[in-house]
Number of protein chains: 2
Amino acid sequence: MATIPESNVDVLIVGSGPAGLMMATWMAKCGIHARIIDKRGTKIFNGQADGLQCRTLEILDSFGIGHRAWREANHMLEICLWNPDVNGVIRRSDRIPDTIPGISRFQQVVLHQGRIERFFLDAITEASGIRVERGVMPSKLEIDESLVEDDDSYPITVTLRHLTEEEATPRQTSTSVNGQMVQDGLFRSNLANDTQDLLELSKLHDKANSEEVVHAKYLIGADGAHSWTRNQLGLKLEGDSTDYIWGVLDIVPITDFPDIRMRCAIHSANNGSVMVIPRENKLVRLYIQLTTTEKTGDGSSRADRSKINPQVILESAQRIMAPYNITYRKLDWWTAYQIGQRVGTSFSVHERVFLAGDAVHTHSPKAGQGMNVSMQDTFNLGWKVASVVKGHAKRSILKTYQSERRGIAQELIAFDHKFSRLFSGRPAKDVMDAEGISMEEFKAAFLKGHMFASGIAVNYGASLLVAKKGSNEAQGDGRQVSVANSPDKVTSDESLCGDITVGMRIQSHKVLNQADARPWHLQELLPSNGRWRVIVFAGNVNNSEQRGKLEGLAQDFGNQNAFLRASTPASAKHDEVFELLLIHNAPRTSVTIFDFPEVFRHFDEIDGWDYNKIFVDDVSYHEGFGNIYGALGIPHSGCIVIVRPDQYVSYVGPMDDTAAVSRFFGGFMTLQQQPSRVQTGLKLKNAQ
Amino acid sequence: MATIPESNVDVLIVGSGPAGLMMATWMAKCGIHARIIDKRGTKIFNGQADGLQCRTLEILDSFGIGHRAWREANHMLEICLWNPDVNGVIRRSDRIPDTIPGISRFQQVVLHQGRIERFFLDAITEASGIRVERGVMPSKLEIDESLVEDDDSYPITVTLRHLTEEEATPRQTSTSVNGQMVQDGLFRSNLANDTQDLLELSKLHDKANSEEVVHAKYLIGADGAHSWTRNQLGLKLEGDSTDYIWGVLDIVPITDFPDIRMRCAIHSANNGSVMVIPRENKLVRLYIQLTTTEKTGDGSSRADRSKINPQVILESAQRIMAPYNITYRKLDWWTAYQIGQRVGTSFSVHERVFLAGDAVHTHSPKAGQGMNVSMQDTFNLGWKVASVVKGHAKRSILKTYQSERRGIAQELIAFDHKFSRLFSGRPAKDVMDAEGISMEEFKAAFLKGHMFASGIAVNYGASLLVAKKGSNEAQGDGRQVSVANSPDKVTSDESLCGDITVGMRIQSHKVLNQADARPWHLQELLPSNGRWRVIVFAGNVNNSEQRGKLEGLAQDFGNQNAFLRASTPASAKHDEVFELLLIHNAPRTSVTIFDFPEVFRHFDEIDGWDYNKIFVDDVSYHEGFGNIYGALGIPHSGCIVIVRPDQYVSYVGPMDDTAAVSRFFGGFMTLQQQPSRVQTGLKLKNAQ
C-alpha cells in the first residue's frame, strides 16, 4: 500500500458555492496559500437564480467583477403589489421602487448563480494559482487543541478523498437544499464560458479513489445546509421546527399579465400568493409557498413533496393570477424547496474552523437573501484570516467573525419569518377579518424590510475593530471582541461623524483625482485587497489652520512609532498594510499634488510620484458634482476616517488626534521588527 | 507538384489592424462568410497607443466591447496649454475640457492599440467561426470585370501564400509606418490574454510555403500605408510632399511637472513643442515634432531619422519643459515617425475591392485620429457589404462608401495640416511677430478642432442612404449615390428634425423600457448587428390624435407592400432586417405594452410577447430623467426617424407619411419574394 501523501496549506476551504468562492477570492487577492475543494465534479449551470443586493454588487465590484454581473443581470426597478379589489379580482394596488433610491450606486438585480460563480472563478484565476479542486471530499477532521493559539502551527488535519467521476456527478444537478430537478437543459449563453470546466471532469480519473492528508492553519466549512464540517464539529442549527414547502418555476411565460417584467407580490383572495421575479433571457421565476403548516420531523413529509411537479406549480399560479392567463412552452428549471428557518449555534471552533453560508443559516428563498448573506459571511471573514496568516494582525480579530455575522443571521431569520407570514397569508377581507393579512401591514413591512434586504443596513457592533460606544456584551455571543476595559480603548468622535455611521459600510460618492481630474466613486478607491484605509478629509487646504493640521498629521503619520511604520513589515510595499488617502475640498485648480505632504504622494525611484492618493471634492466636467463633503456631512475642521479592508467604517476622529489612530491599530495589529528606513534616491525639487 | 487548393469566400479582408478587425467584426455579427489574413505571425503587444474618440467608444460599445476599453483605458479629462510667459518661462495659460461636455455619453480615453485589437478578436470569436489567419499574405490579385455587377458571382481571385515563421516575424515588432523600435519588452498586463496568440505562432509551420487560391465576392484592403492591395490596383496617395519626423517616447516619467497626468500642449519660447499624453499603467507618451521641413522624395532622408534615439527625444522634452525636470527609468517603447499628409485618389474599384484605413489616408499621429478614422472607415463599409451579400440591399449602396469616407479623410488631412503648423511653430513674441504662432489663434483652433477630433461632427451628405436636401455632386467623388432625379426621391422634413441632424449619428439620451422601467441609453438599443431601425417617436399616446396616428402607422407598416414585409426575406426573423422601436412620452404608469399596436410587441408562440421595443421618456428611479423629447427637440406631433445600421440618421418625417418610409427603403432595398404570412398560434386576449 502506497504512503498517503501529506501536505500543509494555510487555508482549506470546503465547498465552492458562493460563500466558498468568496473566501477563495479573498485568499487569491491577498496572496494566501489556500486550497478549495468541492465534492461535485462540475459547477452548476442553471436554476439557482438569486437576487443580488446592491451591497453585494458593491462587494463584487470591489473584486473587479461587479460590472460583469451588472451587464448580464436583469435589472429590477419596480415592485408591483397586486391585491384583490372589492370584487375579489386582483388589481395593482401599489408600485414601489425595487431599490430605495440613493442608498447605493447599484440597484438590486437578478442573475443565475452559476454566472456569479463563473465571475469568482475568473477573478481567482487571474489573481492566483488557486483552482477549485472538484470531485474531492473531506472524510476525517482532527483538531490539535494544544496548538490552536500558536500562530505558526497547523492544528487542523483533514483527510481528503478523491472521488470517482460517478461519485462526483450528483444524481440531480440541482444543488438546492432538498432540491428536486427534472429539467437540466443547459442554457447556451451560460455554457460558453464553462466548457473548460466540463473538459476537466475527465481529469478526475487520475486520482480517483486516492486519499491525501492536509494540515491546515484554518478550515472554512462553506459546505451547505447539510454541512459535513458542521456535523464533524458536532454543531447544530437551531430554530423553527416548521418546514415550509416552496415551489419554484423558471419559465419563459406566455401571458397577458401586464407586470410580468416587474417584481410582483400577488395576493389572491382565496388561492394563495405568488412572487414574480423577472430574470435574464426572458425567463421569469415564480415562487409559490405551497404549504404553511406541514411538520417535517423525521422526513415523513417527503411523500407530500413528491406530489409537486411543474404542472402543480403552474396551476397554482394560474389560480392566483386569474383573470390573467399564464402558461409556458419553455421550462428552464423547477424545484420544490422544503426548508426551515434556522441559525447555527456557533459559527466557529477555536477560531480555527469557521462555518459560513447555508452551513449556519437556512431560510426561505423568497426574499432573495440566501446567496447574498452567505457571500457576505466570508466577505467578513476572508480579510481577517488573511491578515492573521500574513502576520499583520493578531488572532483576536477572528472572534469578530461570529460576533458580527451571527447577529446578521438572526436578523435574517426574523425578517424571513415575519415576511413569510405576511406573504403567504390570505388577504384580510376587511378590518374585522382578524385571520387575514392587512395589505397595509404587508406594504409597511415590505418597505421596512426593504432596507434590510438591500444589505446596506448592516451595522457591526463595537469591538476591537469598530471603535464606537458599546461593549462586546451587546454582540451576544460571549466572544471577547472588545478592548473596552483596556487603556487602548478608542471611541469615535460622534460630533465629527456627520452622516457616516461607524460600523456601517462607507457610503460612496464621486471625488476627483487631483492629478488628472478623473471622477471616481469613493468605493472604487477601496478595492478588496486586504488593505486598511486611513482617509483624511482635510477640508479646505488653502485655509491656514487646515493646512497646519494637515502638516502636523503628516509628520505624525511618518513617525517611527506611529501605526504606519510600526505595523508595516519592512519587506512590504509602503502601502501594503495601510493606504493613506486624502480628500480635500479646496478648488481643484487652486492646488497641485506638490502642495500636499509627501506621505500622500509616495516617491518611488523607478515609478516616480504616486498620483493616486490625493482627491478633491469638486465639480467634474462630465459627471456632475459628487459633493462628498455635503453628502457625508464632513465638518469644516475635517476628520480622519478609518475604513476596514471590507469597506466598513472603524473609526472617525479629529485630524489632530493622530495618537488615537495609532492606539486603535495598536489594539490588534502586530508590531513589526522595523529597521529605520533610510529614504534614498533621487528626489526632484517640488517646483510650482 | 500538388494541386493548389481553391475555395470561395464572400469577403476577404487583408490586414488585421483596427480597420481590418472592425470589418471582420461586422462580418461576424452579421453572419457573413469571411476570412481575414495578416502577414504578421502575431498581433502587436505594446507601443501604438492611440486616443479613442468618444464616437469610437460609442461604436465599440455597439459591438459589446466599449466597456472593456472604458475600464482599461486612461481617461483624459482636461487639456492644459502651457506657453512662455513674459520672461520666456513656460506657465499654464489655459485649461480646456478634453471632451466637449454633453456631446457623448463617453469621453476621450487612451489605450494601447493591442488591447483594442484583443477586444475585437474576442468579439469575433464569440460571434462567429472567423479567425485571423496569420502568416498569410496575398501574392496575386485578379478581377474579372465582366462579373462585377453580377450579385452572385466571385469576380475577385486572390492567390495567398502561407509564410514561414521567419517570414511572418517582422524584424521590428513595431507596425508603425516606417516605425523603428528598440524596446519590445512585453507588458505583463497585456500579455495575459495574448498567450494563445503566441502559442499559435507554431501552427504556421503546417502550411508554410504553400499557396492557395481564393475566389471572393468582395476584397477589403486594410493593409496599411504601404498597402499591397492599393499597389495592385495601381491607386495612389496624393497630398503634401513634406514628410515630418515625429519622435514618440512611452515612458514612466519621473518629473516635477505638475500636469504630467493631463493632456498638455507645451510650447516653449525657443525649443519647440511637446504634446503630453498620459496613458494607462503610469505611462506617459511624449510627442515631439523633430523637423518641419525635411523632404523625403525617394527615401533619401532615412539617414536623418537614424540619428534619432530615445535620448534625443528625451533631451528635446527636457529643453521644452524646463525649468521642470523630467527623466525616466522605464522606457516602454519609442519610435520616430516619418509621415506625410496624403489621401487616396480612390477608395474602391468597381465597388468590389475597397481600401480602408492607412491604405487611403496618412497623417501625423499627434491628434490621436489615426486609429479612429481607420476603424470608422470599415464601420461605414461593413454593414453595407454585409447587407448586399445577404441579398437585403442592392449593390448601389456600396458607392456611398467612397462618397462618405473620402470627404472625411480630406477633412482629417486639412485638420492635421493646420494643427501641425500651429502646434509645431514657435510662439509669437508679440503681435508684431508675424512668423510666430499666436497662442490665442492656437487655442481657438484647438477648440474648433476639438469637435472634429471627437468624431461626433461627421455629417454624411445626401445620398440614397441619407434623405436630405443636396445632391450627389456635393459628395465630390463622381460616384452616383443619389436618387435625386427619380420619382423615389425622399427628403426629410426639416421642420420635424429639432436637434436631430440627418446624416449625423443619432444622439443618445436615456429612455425607460415600458415593460420593466429599466433605463437604457438610446444607443444601447442600437447594437451593431446589421439592422435598420425605424424609431417612432409617438408623442403622448394618451392624446387621441397621436393615438389615431399611431394606429394608422401600425396598420400601414403591417401592410403586405410596405417595406417591412416587402423587404424582409420570408426565411428571416421578423426583425432581422428592420427593427421597429417606439418611444412615447405619456406617463409610464398610465399605459402598459398592451396599449400599443402589436407590430411593436411581436408575439412568438414559444417566447411570448416581445417586451423590448416600446420605450418611454419619463423619470427613472435611480438615473434621473433622460428627457429625450426635449434634448432632441421632438415635436408634439411626433415623428418617424430612420437610423442606419451604423447609427447615422437617414430620414426624419411625419408619423402619417408611412409611404415615404417605404419609398425610402424602396430606393435601395431588395424586393423579396414574399409569401403571405399567416399569423398562427395562440394569442392571448389583451386584458387590462
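**Exercise 1.** Place B:Lys394 in chain B of this predicted model, and decide whether B:Lys394 counts as buried, partly exposed or exposed.

*Solution.* Begin with the secondary structure: B:Lys394 sits in the loop that joins α12 (370-389) to α13 (399-424) of chain B. Next, take the relative accessibility, which is 37% for B:Lys394; since buried requires under 20% and exposed over 50%, B:Lys394 is therefore partly exposed. Finally, look beyond the neighbours within four places in sequence, where the contacts of B:Lys394 are B:Val388, B:Gly666, B:Phe668, B:Met669 and B:Thr670. The C-alpha atoms of B:Lys394 and B:Gly667 are 8.9 Å apart, although 273 residues separate the two in sequence.

**Exercise 2.** Describe the open sheet of chain A that contains β12, β18 and β21, and state how helix α13 of chain A is placed against β18 and β21.

*Solution.* The three strands follow the order β12-β18-β21 and pair in the antiparallel sense, with β12 (237-239) and β21 (361-362) at the edges, each pairing on one side only. Between β18 (residues 342-344) and β21 of chain A there are two bridges, and A:Arg342 faces A:Thr362 of β21. Helix α13 (residues 399-424) of chain A then lies across β18 and β21, at about 175° to β18.

**Exercise 3.** Which operation superposes chain A on chain B, and which residue of chain A comes closest to the rotation axis?

*Solution.* The superposition is a rotation of 180° with 0.0 Å of shift along its axis, at an RMSD of 0.0 Å, so the two copies are related as by a two-fold rotation axis. In chain A, the residue closest to this axis is A:His67, at 4.4 Å for its C-alpha. The same surface serves both copies, given that 100% of the contact residues of chain A recur in chain B.

Note on methods
Residues are numbered from 1 along each chain as its sequence is written. Chains are lettered from A and ligands numbered from 1 in the order in which they are written. This is a predicted model: local features need pLDDT of at least 70, side-chain atom pairs count only at pLDDT 80 or more; totals for chains, interfaces and linings use all residues. Side-chain values use heavy atoms; hydrogens and water are left out. Helices (H or I, at least four residues) and strands (E, at least two) are DSSP runs, numbered from the N terminus. Buried means under 20% relative accessible area, exposed over 50%, partly exposed in between (1.4 Å probe, protein chains only). Contact means heavy atoms within 4.5 Å. Copies are superposed by least squares on the C-alpha atoms of residues with pLDDT of at least 70 in both. Two strands pair if DSSP finds at least two bridges between them. Axes are lines fitted to C-alpha atoms, for helices over the stretch in contact, and angles run from 0 to 180 degrees between N-to-C directions.
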